[in-house]
Every structure is written in structure tokens, then in C-alpha cells.
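Colleague: I should like to go through the charged contacts in this model with you. Could you bring it up first?

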Amino acid sequence: MKRIFLLSPAHSGGKRAALLTRPGATFELARQVQIGAASLGEVFAFCSGLYFRGKLAYASHFAEPPEGISGAQIITPSRGLVAAETLVGLRDLFEFAEVPVHPKELRFTDPLKRSVQALSALDSYEVILLGSVATGKYTETLLPILGQRLLFPADFAGRGDMSRGALLLRSVAAGKELSYGPVIGDRPRRS
């Protein structure tokens, strides 16, 4: 079964993001951001820490995307889905920091809807959300388009972000994929 992962975003306006955008920053990732040569996945992993690192590693390891599609698609605050390997710079991070990730924020939901609708035309693959399903932040936009095709790791239930990140990294190290269940519906299943 073909499979892509949607990764919830890291906060682009926090203290760690400020380290990347600070004038005069000299560490390698900051230098890459300054010249627009840092991958979005690396930047968000730096900004978020363990949880995003786990999501990125897991998606990279277990994705089986359709040809021509990245298996790790990051939900961004203002551009919808963006492949994790996409290069970004200062202006991108500043743009992301300006848009709240909220289901009533059209600058967030409209680009996300367009991106997901483009992907939904490919009907023979699974879409796994590596992000919160407890709030409507992502699901209010994703569910009307993907319905039962939108899955999530069943083991995420009741865990905090750090625990989820560690779980994902352990799964990658063991080469053992988690069980998924529909965001709407009843039972998780093994993929």
C-alpha cells in the first residue's frame, strides 16, 4: 500500500527559531537558513526538538509515496503541504511565524485545503497524520477531504509530544511500524 505522512508543523516564531534567524548567527543550520539552503524538515526539527525529529525520521523511514510525491509532507502555517526536503530561508520562517495554525484562520486553512485536494486525487494510498487529532487544528481541514483515508498512530493516544517523539524514534530503530487507525472510526490496524 502506498503511504504518505503529514507532519504537523513546528512553531516558527519561538526562541529556537529566533536562534536561526538572528543576524550574525554562525552555526551551520543558521548559516543555511540565512542563504535559503536549509531543508524545511531540518529547520522544524531544530525548532521543535525531539517530537519533530521523531516525526521526520519515522516518515522518512516508513513512507511509500506514489511516484513524484514526497512521503514526508509538512503542514505549514501559510503554504499548505510542503515536502520536508524543500529548501527554506529567512523570509519563509518569518512568513510562517506570522500565520496562526488555527482552524478558523483562512491563511492557514485555504492553502492546506488546496494541497490536500491535489493529493486526494491519488486515491490508492494512505495518509497518516503525525500530529494532534485531539484538537481540530488539523482535522477540521483534513477530514472533509480525506475522510476514512486519514489515519493516525493508535499509540499516540494519551501521550505527550516528548513521549510521541521517543516512540517514533524507537520504532525507526527497531524497523517496526506502528499500528494506524482512522481519525474517524473505531479500530487501529497494522500497516
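Modeller: What follows concerns salt bridges and the accessibility of the residues that form them.

Colleague: Before that, what kind of model is this?

Modeller: This is a predicted model.

Colleague: How many salt bridges does the count come to?

Modeller: The count comes to eight salt bridges.

Colleague: Which residue forms a salt bridge with E64, and how far apart are the closest N and O atoms?

Modeller: The partner of E64 is R3, and their closest N and O atoms are 3.8 Å apart. This pair links distant parts of the chain, 61 residues apart. R3 belongs to strand β1 (residues 2-7), whereas E64 is in the loop between α4 (50-62) and β3 (72-76).

Colleague: Is R3 buried or exposed?

Modeller: R3 counts as buried, because its relative accessibility is 4% and the cut-off for buried is under 20%. E64, at 42% relative accessibility, counts as partly exposed.

Colleague: And E126, which residue does that one form a salt bridge with?

Modeller: E126 also forms a salt bridge with R3, with 3.2 Å between the closest N and O atoms. Here too the pair links distant parts of the chain: E126 is in strand β6 (residues 125-130) and R3 in strand β1, 123 residues apart. E126 is buried, its relative accessible area being 6%.

Colleague: Which residues are joined into one network by salt bridges that share partners?

Modeller: The network consists of R3, E64, E126 and E177.

Colleague: Let us move to K104. Which side chain does it meet in a salt bridge?

Modeller: K104 meets E140, at 3.8 Å from N to O. E140 lies in helix α7 (residues 136-146) and K104 in the loop between α5 (90-98) and α6 (106-120), so the salt bridge ties together parts that are 36 residues apart in sequence.

Colleague: How accessible are E140 and K104?

Modeller: E140 has 45% relative accessibility and counts as partly exposed. K104 is exposed, with a relative accessible area of 64%, because exposed means over 50%.

Colleague: A change of topic: where is K15 found?

Modeller: K15 is in helix α1, which covers residues 15-21. This lysine is exposed, with a relative accessible area of 77%.

Colleague: What separates the C-alpha atoms of K15 and V33?

Modeller: A distance of 15 Å separates the C-alpha atoms of K15 and V33, and the two residues are 18 residues apart along the chain.

How values were computed. Residues are numbered from 1 along each chain as its sequence is written. This is a predicted model: local features need pLDDT of at least 70, side-chain atom pairs count only at pLDDT 80 or more; totals for chains, interfaces and linings use all residues. Side-chain values use heavy atoms; hydrogens and water are left out. A salt bridge is a side-chain nitrogen of Lys or Arg within 4 Å of a carboxyl oxygen of Asp or Glu. Helices (H or I, at least four residues) and strands (E, at least two) are DSSP runs, numbered from the N terminus. Buried means under 20% relative accessible area, exposed over 50%, partly exposed in between (1.4 Å probe, protein chains only).
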